Amino acid sequence: MKKVMLIITIVSMSLTSCVSKKKFTELEAKNKEIQDLLNTATVKLNTCLTEREALASQVDFLKKNNTDLINNMGNLTTLTTKGAENLEKSLESLKEKDLKINRLQDALTKKDSVTLALVTSLKREVGIDDPDININVEKGVIMISIADNLLFKSGSYEVSDKAKGVLAKVAKVINSKPDFECMVEGHTDNVPIKNAVLLDNWDLSVKRATSIVRVLHKELGVNPKQLIPAGRSSYIPLVENDSPANRAKNRRTKIIIMPKIDQFYEMIESEMKNLSGK
C-alpha cells in the first residue's frame with residue numbers, strides 16, 4: 001500500500017510540474033504580447049506629444065502673425081489716411097499754383113491788350129502813311145521810330161517845328177497813360193562828328209534824346225517822371241552804314257512807350273516766388 005501511494009504521489013507531482021510550465025509559457029507569451037503593445041503605445045504617445053508640441057508652436061506663430069497683421073492693418077490705415085491728407089494738400093497746392101499762373105497770364109494778356117490799344121490809338125493819332133514814322137510792337141512794348149530828317153537838321157539837336165506837331169500827338173497818348181513810362185532813344189550813323197559843342201556820336205545821340213524829352217515835358221505837358229532820355233550812338237544800326245540811304249535810316253529817334261518796368265517786374269517776381277513756394 002505504501003508503495004502504491006508513493007507511486008501515486010510521484011505521478012501526481014510529475015503532472016503538477018508539467019501543468020505549471022505550460023501555463024508559465026502561455027503567460028510569458030501573453031506578457032511579451034502586452035509588452036509589445038505597451039512599447040507600441042509608448043511610441044505612439046511620444047509621437048503625439050511631439051506633434052502636439054509642433055502644433056502648439058504653430059498656434060503661437062499664427063497668433064503672433066495675426067497680431068502683426070492687425071497691427072499692420074492699423075499702420076496701413078494710418079499711412080492711407082496720411083497719404084490721403086498729403087494728396088489733398090498736393091491738390092490744393094496745385095490749385096493755388098494754377099490760380100497764380102492764371103493770374104500771371106491774365107496780367108500778361110491785359111498788358112498785351114493795353115499795348116495793342118495804344119498802338120491803335122497812336123496810329124490813329126499820328127498816322128501811318130508817313131514813311132518817316134514807324135509804329136510797331138517789339139518785345140511787348142510800343143516802338144515809335146521817327147527819322148531824324150523829320151526831327152532835326154543835319155548835325156543838330158534842336159527839334160524842328162514840324163517835329164513838334166508829331167510829338168504833340170505822341171504826348172497826347174502818353175498823357176492818357178500816367179502809369180506808363182516813355183523812353184526816348186537817340187541813334188546816329190557811324191560817321192564821326194566833333195565840333196565846338198558835340199564831342200562825338202554819343203554826345204549827339206544823348207543831346208537829341210534830351211531835346212525831345214524837354215519838348216514833351218515843357219511844351220507838351222508830359223509828366224517828367226514818365227520820361228527817360230537815352231543815347232545809343234551808332235551801335236544799334238538798322239542796316240549797314242554802307243551808303244547815304246542806309247546811314248539816313250540809322251539816324252533816327254525811338255520813342256518807347258511801356259508799362260513802368262519796375263512795377264511790372266516786381267509783379268512778375270512776386271508771382272514767380274509764390275509759384276516756387278519761397
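This is a short dialogue about a predicted model and the terms used to describe it.

Student: Why is W202 called partly exposed?

Tutor: The relative accessible area of W202 is 41%, and because partly exposed covers the range between under 20% and over 50%, W202 belongs in that class.

Student: Why does Y235 count as exposed?

Tutor: Y235 has a relative accessibility of 57%, and since exposed means over 50%, Y235 counts as exposed.

Student: How many aromatic pairs are there, by the rule used here?

Tutor: The count comes to 1 aromatic pair, and that pair is formed by W202 and Y235. W202 lies in helix α4, whereas Y235 lies in the loop between β4 and α5, 33 residues apart.

Student: Why is the pair of W202 and Y235 called tilted?

Tutor: The centres of the two rings are 5.3 Å apart, which satisfies the limit of within 6.5 Å. The planes make an angle of 35 degrees, and because stacked requires under 30 degrees and edge-to-face over 60, the pair of W202 and Y235 is tilted.

Student: How do you know that the charged end of K207 sits over the ring of Y157?

Tutor: The charged end of K207 is 5.9 Å from the centre of the Y157 ring, and the distance part of the rule asks for within 6 Å; the charge is listed as sitting over the ring.

Student: What makes strand β3 mostly covered?

Tutor: In strand β3, residues 180–187, 7 of the 8 residues are buried, where buried means under 20% relative accessible area.

Student: In which sense does β3 pair with β5, and over how many bridges?

Tutor: β3 and β5 pair in the antiparallel sense over 8 bridges, with P259 in β5 as the bridge partner of F180.

Methods:
Residues are numbered from 1 along each chain as its sequence is written. This is a predicted model: local features need pLDDT of at least 70, side-chain atom pairs count only at pLDDT 80 or more; totals for chains, interfaces and linings use all residues. Side-chain values use heavy atoms; hydrogens and water are left out. Buried means under 20% relative accessible area, exposed over 50%, partly exposed in between (1.4 Å probe, protein chains only). Helices (H or I, at least four residues) and strands (E, at least two) are DSSP runs, numbered from the N terminus. Two strands pair if DSSP finds at least two bridges between them. Rings of Phe, Tyr and Trp (its six-membered ring) pair if their centres lie within 6.5 Å; planes under 30 degrees apart count as stacked, over 60 as edge-to-face and the rest as tilted. A charge sits over a ring if NZ of Lys or CZ of Arg is within 6 Å of the ring centre and within 35 degrees of the ring normal.
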